[in-house]
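Okay, thanks for coming, everyone. Let me put the structure up, and then I'll talk you through it.

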Amino acid sequence: FYLARTLTVPIQLLAAGTEHVAHGNLDHRIPEVGDDELSVLVRSFNKMTEDLKQTTGELEQRRRYMEAILADIDVGVISVDIESKVTTFNNAASEMLGVERIDQTRSYKELVRLLPPELGKRALELMNELYSTTEKVVTAELSLYVRGNTRHLQATATKLLDESGKFLGAVILLNDLTELISAQRMSAWREVARRI
């Protein structure tokens, strides 16, 4: 019974520890018992849990850093995963499209339904073109009426591929060209006036 307990107790502790880690408790540690093979296994488990906690913390820190960058840049960023679920929709995209912030459970088609019909149709065509072509990047010019103003956007859709070339999703970058186009028109009118 004593020998059986020296084997079964550490194994039960390892099983319980694995359950804790599986449920996200990376602070769980198993007390070390003895100095046989099972104690080596327990030490390895504790070391693995510590490494996993550190890696998870670093990944979380990187994710928050990327979200902070995406939230504050002037370029609209929309990303969708392989199932066409929206995974990123930053403040600039929200402002440019006149759409409230959306949660990450919506599909791209649901997002498109929130847009004016003509723009929504063009946005779907852009994604269909990206999925059907062998090209990695597809660009389109979009014009829309948002909050009383006409906006001219350049949408660039890019395929996201892993190292082996497997499709992971897409990212759409929106550049607001309204001021640039307005300046070009003004320059053209100035040239016309000068020639007259």
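So, one definition before we start: I call two strands paired if DSSP finds at least two bridges between them. And keep in mind that this is a predicted model.

With that in hand, look at serine 79, which stands opposite threonine 88 in strand 2. That's where strand 1, residues 76-81, and strand 2 come together, antiparallel, over three bridges.

Okay, zoom out to the whole sheet. What is the strand order? It goes 2-1-5-4-3, so to speak, in an open sheet of five strands with antiparallel pairing. Strand 2 (86-89) and strand 3 (137-146) sit at the edges, each pairing on one side only. On average, neighbouring strands are turned by 20° against each other, if you ignore direction.

Now, what packs on this sheet? Helix 5, residues 117-132, does, and it touches strand 1, strand 3, strand 4 (149-161) and strand 5 (167-176). Its direction makes about 175° with that of strand 3.

Let's stay on strand 3 for a moment. It has a covered face made of Val138, Ala140, Leu142, Leu144 and Val146. The uncovered face has Val137, Thr139, Glu141, Ser143 and Tyr145. Strand 3 runs antiparallel to strand 4, and 10 bridges join them. Down at the hairpin, valine 146 stands opposite asparagine 149 in strand 4. There are two residues between the strands there, and arginine 147 takes a positive phi near 50°.

Right, on to the charged side chains. How many salt bridges does a search of the whole structure find? Eight. I'll pick out a few.

Take lysine 53 and aspartate 27 to begin with: their side chains meet in a salt bridge at 2.3 Å, N to O. Lysine 53 is in helix 2 (residues 37-72), while aspartate 27 is in the loop between helix 1 (2-22) and helix 2, so this pair ties together parts that are 26 residues apart in sequence. As for accessibility, lysine 53 is at 36% and counts as partly exposed. Aspartate 27 is at 51%, and it counts as exposed because the cut-off for that is over 50%.

Next, a pair within a helix. Glutamate 60 forms a salt bridge with arginine 64, with the closest N and O atoms 3.5 Å apart. Both lie in helix 2, four residues apart, which is about one turn of the helix. Glutamate 60 is partly exposed, with a relative accessible area of 30%, and arginine 64 is partly exposed too, at 47%.

Then there's one that reaches back to our sheet. Arginine 151 forms a salt bridge with glutamate 95, and the closest N and O atoms are 4.0 Å apart. Why is this one worth a look? Arginine 151 lies in strand 4 and glutamate 95 in helix 3 (residues 91-97), so the pair ties together parts 56 residues apart in sequence. Glutamate 95 is partly exposed, with a relative accessible area of 43%.

Some of these bridges share partners, by the way: Glu60, Arg63 and Arg64 are joined into one network.

One last stop, back in helix 2, where we find arginine 43. Is it buried or exposed? Partly exposed, actually, with a relative accessible area of 38%. Its C-alpha atom is separated by 20 Å from that of threonine 56, 13 residues apart along the chain.

That's my tour, thanks.

Note on methods: Residues are numbered from 1 along each chain as its sequence is written. This is a predicted model: local features need pLDDT of at least 70, side-chain atom pairs count only at pLDDT 80 or more; totals for chains, interfaces and linings use all residues. Side-chain values use heavy atoms; hydrogens and water are left out. Axes are lines fitted to C-alpha atoms, for helices over the stretch in contact, and angles run from 0 to 180 degrees between N-to-C directions. Contact means heavy atoms within 4.5 Å. Buried means under 20% relative accessible area, exposed over 50%, partly exposed in between (1.4 Å probe, protein chains only).
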